[in-house]
Amino acid sequence: MFTLSSHPDVINEIQSSYDWYQLQVDGLGDDFITELESAFNTVLSIPLTWPKFGTSHHRFLLSRFPFSVIYKIN
């Protein structure tokens, strides 16, 4: 079983991005959160699937938003 932990700045980045998307189109921030949650769940389910990013991390690209989930398997 895998667990997820994040750098403290990630929460602020997600909140700022959510707020910005909501200002652009009502509901777009919710779509962003939904896609991000889906990405987290997918990475937790099959973490070795995505390519290496640097020497010890992997990178999952979101499809609709210009963000990626960069993660390390411990």
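These legends describe close-up views of one predicted model.

Local features need pLDDT of at least 70 and side-chain atom pairs count only at pLDDT 80 or more, while totals for chains, interfaces and linings use all residues. Residues are numbered from 1 along each chain as its sequence is written, and side-chain values use heavy atoms, with hydrogens and water left out.

**View 1. The whole chain follows the pattern α-α-β-β-β**.
There are 2 helices and 3 strands. Both are DSSP runs numbered from the N terminus: helices are H or I with at least four residues, strands are E with at least two. Along the principal axes, the C-alpha atoms fill a box of roughly 35 × 25 × 25 Å. The chain has 74 residues, and 27% of them count as buried. Buried means under 20% relative accessible area, exposed means over 50%, and partly exposed lies in between (1.4 Å probe, protein chains only). The exposed surface is about 5500 Å², with carbon and sulfur atoms supplying 57% of it. Areas come from the Shrake-Rupley method with a 1.4 Å probe; for residues, only the protein chains shown count as cover. Among contacts between residues at least 6 apart in sequence, 37% join residues at least 24 apart. A contact is a pair with heavy atoms within 4.5 Å.

**View 2. Charged side chains: 4 are positive and 8 are negative**.
The centres of the two sets lie 18 Å apart. Lys and Arg count as positive, Asp and Glu as negative; His and the chain ends are not counted. Each charge is placed at NZ of Lys, CZ of Arg, CG of Asp or CD of Glu.

**View 3. Three strands form an open, antiparallel sheet in the order β1-β2-β3**.
β1 (52–53) and β3 stand at the edges. Each has a single partner strand, so one side of each is left without a neighbour in the sheet. Strands count as paired if DSSP finds at least two bridges between them.

**View 4. A hairpin links β1 and β2**.
The two strands run antiparallel and are joined by 2 bridges. Between them lie 3 residues. In the turn, Gly 54 has a positive phi of about 80°. Lys 52 stands opposite His 58 in β2.

**View 5. A second hairpin joins β2 to β3 through 6 residues**.
β2 (residues 57–61) pairs with β3 in the antiparallel sense over 4 bridges. His 58 has Tyr 71 as its bridge partner in β3. Phe 60 stands opposite Val 69.

**View 6. The side chains of β2 and β3 take two faces.**
In a regular strand the side chains alternate between the two faces of the sheet. In β3 (residues 68–71), Val 69 and Tyr 71 point to one face and are buried. Ser 68 and Ile 70 point to the other face and are not buried. The covered face of β2 carries His 58 and Phe 60. Its uncovered face carries His 57, Arg 59 and Leu 61.

**View 7. The largest nonpolar core holds 13 residues**.
Phe 32, Leu 36, Phe 60, Leu 62, Phe 65, Val 69 and Tyr 71 touch the most other members. The elements giving two or more residues are α1 (8–24), α2 (28–45) and β3. α2 gives the most, with 5 residues. Such a core is a set of buried Ala, Val, Leu, Ile, Met, Phe, Trp, Tyr and Cys residues joined through side-chain atoms within 4.5 Å. Leaving out residues up to four places away in sequence, Leu 62 touches Phe 32, Glu 35, Leu 36, Ala 39, Phe 67, Ser 68 and Val 69.

**View 8. Trp 50 sits in the loop between α2 and β1**.
Its relative accessibility is 18%, so Trp 50 counts as buried. Neighbours within four places in sequence aside, Trp 50 contacts Thr 42, Val 43, His 58, Arg 59, Phe 60 and Tyr 71. The C-alpha atoms of Trp 50 and Leu 23 are separated by 32 Å, and the two residues are 27 residues apart along the chain.

**View 9. Ser 5 lies in the segment before α1**.
Ser 5 is exposed, with a relative accessible area of 68%. Its C-alpha atom and that of Ala 39 are separated by 14 Å, with the two 34 residues apart along the chain.
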